[in-house]
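Biologist: Before I plan anything around this model, could you teach me how to read its features one at a time? Please give me the general idea and then the case at hand.

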Amino acid sequence: MSKPLHLHPDRLFSSDPTQRAISRELYKTVANLPIISPHGHTDPSWFADNECFQNATELLIIPDHYVFRMFYSQGIKLEDLGIPRIDGGEVETDYLKIWHILAENFHLFHGTPSSIWMNFVFSEVFGFTEVLCPENAEDYYHKINAKLTSEAFRPRALLERFNIELLATTEGATDDLKHHAKMKGTGVDNTVITTFRPDDVTDPERLSFMANLETLADLTGENVTSWSGYLNALRSRREVFRAHGATATDHGHPSAFTADLSKADCEKLFSIVLSGKATPEQAELFRAQMLTEMAGMSCEDGMVMQIHPGARRNHNKKVFERFGFDKGCDIPGRTNFVEDLQPLLSKFGTESDLRVILFTLDESAYARELAPLAGHYPCLKLGPAWWFHDSPEGMLRYRHNVTETAGFYNTVGFNDDTRAFLSIPSRHDVARRIDCRFLAQLVTEHRITEEAAHDLAYDLSYRLAKEAYQLTK
Amino acid sequence: MSKPLHLHPDRLFSSDPTQRAISRELYKTVANLPIISPHGHTDPSWFADNECFQNATELLIIPDHYVFRMFYSQGIKLEDLGIPRIDGGEVETDYLKIWHILAENFHLFHGTPSSIWMNFVFSEVFGFTEVLCPENAEDYYHKINAKLTSEAFRPRALLERFNIELLATTEGATDDLKHHAKMKGTGVDNTVITTFRPDDVTDPERLSFMANLETLADLTGENVTSWSGYLNALRSRREVFRAHGATATDHGHPSAFTADLSKADCEKLFSIVLSGKATPEQAELFRAQMLTEMAGMSCEDGMVMQIHPGARRNHNKKVFERFGFDKGCDIPGRTNFVEDLQPLLSKFGTESDLRVILFTLDESAYARELAPLAGHYPCLKLGPAWWFHDSPEGMLRYRHNVTETAGFYNTVGFNDDTRAFLSIPSRHDVARRIDCRFLAQLVTEHRITEEAAHDLAYDLSYRLAKEAYQLTK
Amino acid sequence: MSKPLHLHPDRLFSSDPTQRAISRELYKTVANLPIISPHGHTDPSWFADNECFQNATELLIIPDHYVFRMFYSQGIKLEDLGIPRIDGGEVETDYLKIWHILAENFHLFHGTPSSIWMNFVFSEVFGFTEVLCPENAEDYYHKINAKLTSEAFRPRALLERFNIELLATTEGATDDLKHHAKMKGTGVDNTVITTFRPDDVTDPERLSFMANLETLADLTGENVTSWSGYLNALRSRREVFRAHGATATDHGHPSAFTADLSKADCEKLFSIVLSGKATPEQAELFRAQMLTEMAGMSCEDGMVMQIHPGARRNHNKKVFERFGFDKGCDIPGRTNFVEDLQPLLSKFGTESDLRVILFTLDESAYARELAPLAGHYPCLKLGPAWWFHDSPEGMLRYRHNVTETAGFYNTVGFNDDTRAFLSIPSRHDVARRIDCRFLAQLVTEHRITEEAAHDLAYDLSYRLAKEAYQLTK
């Protein structure tokens, strides 16, 4: 039995009438600001080729690990959701059947951000007026598929419709950037830029690390078997990325561990790594040293450094072996920023040209470590609530825990960090609403003035992201 | 000077009028649902023998470590509270005098769940209309004692009056289950079931571990000095427990550490354990392996596995030496679920028949570890806020931290986990009120519909507990 | 453009009308209670000499690490803020120019406690009616400087105006206490007392540790190169401090680690420490043993022991080398109270005369470790939200996390812990408002009665601090 789908204009605001009224006023001023999305994982080929998306299931379920991890947790097999197997083994290919699984289990998302994001996409992007349910699932499916073939739903048209002023994708260091190259001169290259993510060539425990180094050598002409040649190759790739718009690098290590070894020790460690015989401790030390090297290069070339530590990747080994990376089985663990970052900060922490943006999956670090660090070191800023915490409650906890020690101006606005392109407006909408809600609470408690709240709403929704990622030139 | 004792119908709801009104509506629909209590520590002899309780102090103070730990923290000696000494040394036996201590210090419980539970018992179970105070303490004491001798206060009558549909007690692996045996055929055996708690024979650091193994051998006829005989003995006890209604096992280890050793290593480790010379590390490894063994047996026999890690037992050595276990000096510590559970999960985590319910005393793990784990692994569910966190604030933090990542349907409803029988209705009442409050907040913020909230209120109050503990057959 | 500076009478209360009304009622009864400030860092020479303060910048910016750390984090050099360099190198001496930096960057404090404290000082202490801004900065500066020269702004006059009943300063073990000596007989010695802080002679990693021991020997006539002479010297200094009003000791170790070594091991460890060759582990063990020794001396002489663990001091080495201690680069880290305190608690935890007050920078320990410990051990009490958490949100988190397990009566009221003398009334005002807000919430949710809330508001604002620090004699 279908029910009306209605996005309430006051959604995510406090039910307290005083707070709600101020939230509304603040939100009105930022609701239509352009979207700055300085960190994410959309596919650049979409914007380079501007082909139509093909299918509701392929676009909205199969790539969304928030969605299929919830189904998997409730006993639905990934095969039955059409998630491709590494060995090419059989999985469900009837996309309508998979779409029905979504409709039948939509209640599993009650209280989660996925229900917010998906209902926004259904209502605001596709114009549905009924909540998805088994009865209307087929109708939903066909209507979405029909719309996807229209001009208005081509990727570049959606970029414009979504009012996206800037969108950063993320590519590995050995990516040829051909999609970004193809965008050059089309106009969309002013909107879509790349980000330099070197983990595949700086983390010896990555699959194909040695092969990646060979590709790195091929791309740069450097002798990557020497420490200095390896560093030069990275410098050279950073330059190429900058030529494709990149203003930032991104580093997704298991921990925030950094090191500051002598050149001789670096060379020794690098040769162990090249031998393929590095112990886990040596691999961790190498990653640690590479964060410091990357910070050094950022001092040279001005790229903003993002550190995203703390995910224990591929925790479910059987899922990893069968389905590969990014299949919803990355689990956060504790992170120790205070001790782990000290080597990097001792070396570069007072360089006025360095900017490092820190993210965490360990919220206990917000008030204890991250806000005190960002409220002191000139080079450090705090990225927004991330991944599992990119949600109404997660964002509120972030503001409540961070603001008193770091202030607002050591934070960098919002990142959507998504590969779910259609959800980008919804994610920014959630962030803007929650920020307005938090500011409204401060106003009603006479902790900031309403005028300050207006300035801050603009800053948090738009200005800080542009400035932090140096997108203002 | 006595004051009126009045349980406000809106207690524990938000004072926001919109939220309060919805909370009321939701609560109305679940307030009178039967109680499912799938995990607790009431004494099965009560229900087997159905004898009258004897005395207010003996029933409400002496067994309640929440109560006497607070008094002890304020300098009142455990001896003066009548807590029995291990050496049989003298303690206060004037129960009225002890009751006066409660009356004189009742203000110490301001803001704690103990005051909620006790006032509920006084008001709803015993019908008092004045708050306990020194002036009415004696009257209270005698009135309670008088009621306890009446038919209406016999254990089975209370089970019925409390609308308890199911109550699980917890017995050690070597318990003879005579009380549960006595219940057979009385009808109460449909209500009161046991739970298999093998810590006494799986934790080499337990007092009397070796003697417990001998009892295990006697009970099962197995040769428990061989690894396979020991495992068979455990299998055999699990079967006996299932015959007395058990659907679940329970494991209260200091950590969540699990291991997956080869059979040869298990045999070697077991022989070290049997020699009585296991180091603390070997004892921890043995416990770790035993959690994995228990998970394997759960795959075989379908029992639900509960893991309750994180208590540092008997932290105050002097109290432990004088008064023994469970005397309010167990203190929580950090728990690392992500690394610790991986061996067990790697082996059995994708078995469709396994169900493991996780509890924690380390709330920082809710959003960082537990919700991501439960939101991925099909075998994992999250138990409710536990022990120190079985309280209005604790329950609210649980819902706020867990829901966005794990959803509601990877949680298992409420456990009261209590030995304080009379407080069971109050504890479930608190849980239902807080869940309705949380749901009402989501409704007023337009994050779920009112209709969804009604379904969820029922599920959280009743259905999920029955399903998670497989009580639906 | 200047804006009105107005401290709203309902500031920091919830915007919920029911809660706000009760908060107001409660606050009215405690707003004017005398201030008990049992832990802080004001300069005793102020009260001994009673000289006028000199300058706005010197009084309100240069000593306030909350202020200059925020500016530093935003790229303003400490030199430009007039922070003195260790090497005597040049720093800004134009105090008006520095004052302008404050005015131009005042928005950085939006949402932080610094803006609350400073606006209170500007409005209530100096009578300004406009918010500080670049346009009125010079006027502000000169008006403050003019007031500072008046009789009404001398330190003793302010003590009286601020209604400070008791103010504890903190001095190192080798301090000659000449300022406190000078106060004797002036009347102000009934108000201003000292606190014994022995870290400089108990922590082998302190700068000048060996020189400090020599001073200790000189002051006491003890042979501090023998373990027993060293302990006697400490006993002797404690006695001198008590003669200058001290009722408490304070210990600011990196961790809460305690030890209970044999006398022979103590002597051996002490001789290693004296040799200057202690490893970091031996230094940590020595600090650990010294906490236990200090607890033993507290059992003897009745001084209340405060443990303030968890700061990783001087994290930014370059700032430390140039500017020294307390320059805003102390960063909190994790603290493990449960294991770390056990040796001390095993030895002295059940002594009825011992009182230990615990503080933390690691809020994850509130509900997990500190409330359970304080809710059990008679000797333990919890200090208030500390340092980075001495803020509206920090105080609320403290009450929400601590109360249900520890109750109110295992907490000790408020500490301002400040060297910013003029901010003391504001800091206590914030604490009283937040406590009234928290109590009002409990009342509106029918968790405590309004009458209990009135008692508690008084206790939390005034009585508990006096009792916990034994200031009632």
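Modeller: Let us begin with charged pairs, keeping in mind that this is a predicted model. A salt bridge is read from the distance between a side-chain nitrogen of Lys or Arg and a carboxyl oxygen of Asp or Glu, with a cut-off of 4 Å. In chain A, A:Arg368 and A:Glu369 make such a pair, their closest N and O atoms lying 3.0 Å apart.

Biologist: Are A:Arg368 and A:Glu369 buried or exposed?

Modeller: Burial is judged by relative accessible area, and a residue under 20% is called buried. A:Arg368 has 1% and is therefore buried, and A:Glu369, also at 1%, is buried as well.

Biologist: How many salt bridges are there over all chains?

Modeller: The search of the whole structure gives 120. One of them joins the side chains of B:Arg206 and B:Asp203, at 3.8 Å from N to O. Here B:Arg206 is partly exposed, with a relative accessibility of 22%, whereas B:Asp203 is buried at 8%.

Biologist: How should I read a salt bridge when both partners sit in one helix?

Modeller: The general idea is that an α-helix has 3.6 residues a turn, so residues three or four places apart point the same way. In helix 21 of chain B, which covers residues 450-468, B:Arg463 and B:Asp459 are four residues apart and are thus separated by about one helical turn. Their closest N and O atoms are 2.7 Å apart, and the two form a salt bridge. B:Arg463 is partly exposed at 26% relative accessibility, while B:Asp459 is buried at 7%. Salt bridges can also share partners, and in chain A this joins A:Arg197, A:Asp199, A:Asp200, A:Asp203, A:Glu205, A:Arg206, A:Asp250, A:Glu284 and A:Arg287 into one network.

Biologist: Taking one member of that network, where does A:Asp203 lie, and which residues does A:Asp203 touch?

Modeller: A:Asp203 is in the loop between helix 10 (199-202) and helix 11 (209-220) of chain A, and with a relative accessible area of 7% this residue is buried. Leaving aside residues up to four places away in sequence, A:Asp203 touches A:Phe209 and A:Arg287. The side chains of A:Asp203 and A:Arg287 are joined by a polar contact of 2.8 Å.

Biologist: How do I check the geometry of a helix, for instance helix 14 of chain A?

Modeller: One compares the span expected at 1.5 Å a residue with the distance between the end C-alpha atoms. For the 22 residues of helix 14 (residues 280-301) of chain A the expected span is 32 Å, and the end C-alpha atoms are 31 Å apart, which agrees. Because 16 of these 22 residues are buried, helix 14 of chain A is largely enclosed by the rest of the structure. Just after this helix, A:Gly302 adopts a positive phi of about 80°.

Biologist: Turning to cysteines, how many disulfides are there over all chains?

Modeller: The test is whether two cysteine sulfur atoms come within 2.5 Å of each other, and the count over all chains is zero. B:Cys329, for example, is in no disulfide, since the nearest cysteine sulfur, that of C:Cys379, is 13 Å away, well outside the 2.5 Å cut-off. B:Cys329 is buried, at 0% relative accessibility, and B:Cys133 is likewise buried, at 9%.

Biologist: How do I read an interface, and what area is buried between chain A and chain B?

Modeller: I would look at the residues in contact, then at the area, and then at the polar pairs. In this case 48 residues of chain A are in contact with 47 residues of chain B, and the two chains bury about 3800 Å² between them, with 49% of it on carbon and sulfur atoms. On the side of chain A, A:His315, A:Arg334 and A:Glu393 supply 18% of the area buried against chain B, more than any other three residues. Six salt bridges are counted between these chains, including one between A:Asp362 and B:Arg368, whose closest N and O atoms are 2.9 Å apart.

Biologist: And what does the contact between chain B and chain C look like?

Modeller: There, chain B gives 48 residues and chain C gives 47 residues, and the buried area is about 3800 Å², of which carbon and sulfur atoms give 50%. Six salt bridges are found across this interface, among them that of B:Arg312 with C:Glu339, at 2.9 Å between the closest N and O atoms.

Note on methods. Residues are numbered from 1 along each chain as its sequence is written. Chains are lettered from A and ligands numbered from 1 in the order in which they are written. This is a predicted model: local features need pLDDT of at least 70, side-chain atom pairs count only at pLDDT 80 or more; totals for chains, interfaces and linings use all residues. Side-chain values use heavy atoms; hydrogens and water are left out. Helices (H or I, at least four residues) and strands (E, at least two) are DSSP runs, numbered from the N terminus. The expected span of a helix is 1.5 Å times one less than its number of residues. Buried means under 20% relative accessible area, exposed over 50%, partly exposed in between (1.4 Å probe, protein chains only). Contact means heavy atoms within 4.5 Å. Buried area is the accessible area (1.4 Å probe) that two parts lose on being put together, summed over both. A polar contact is a pair of N or O atoms within 3.5 Å; within protein, one must be able to donate a hydrogen and the other to accept it, and residues adjacent in sequence count only if both atoms are side-chain atoms.
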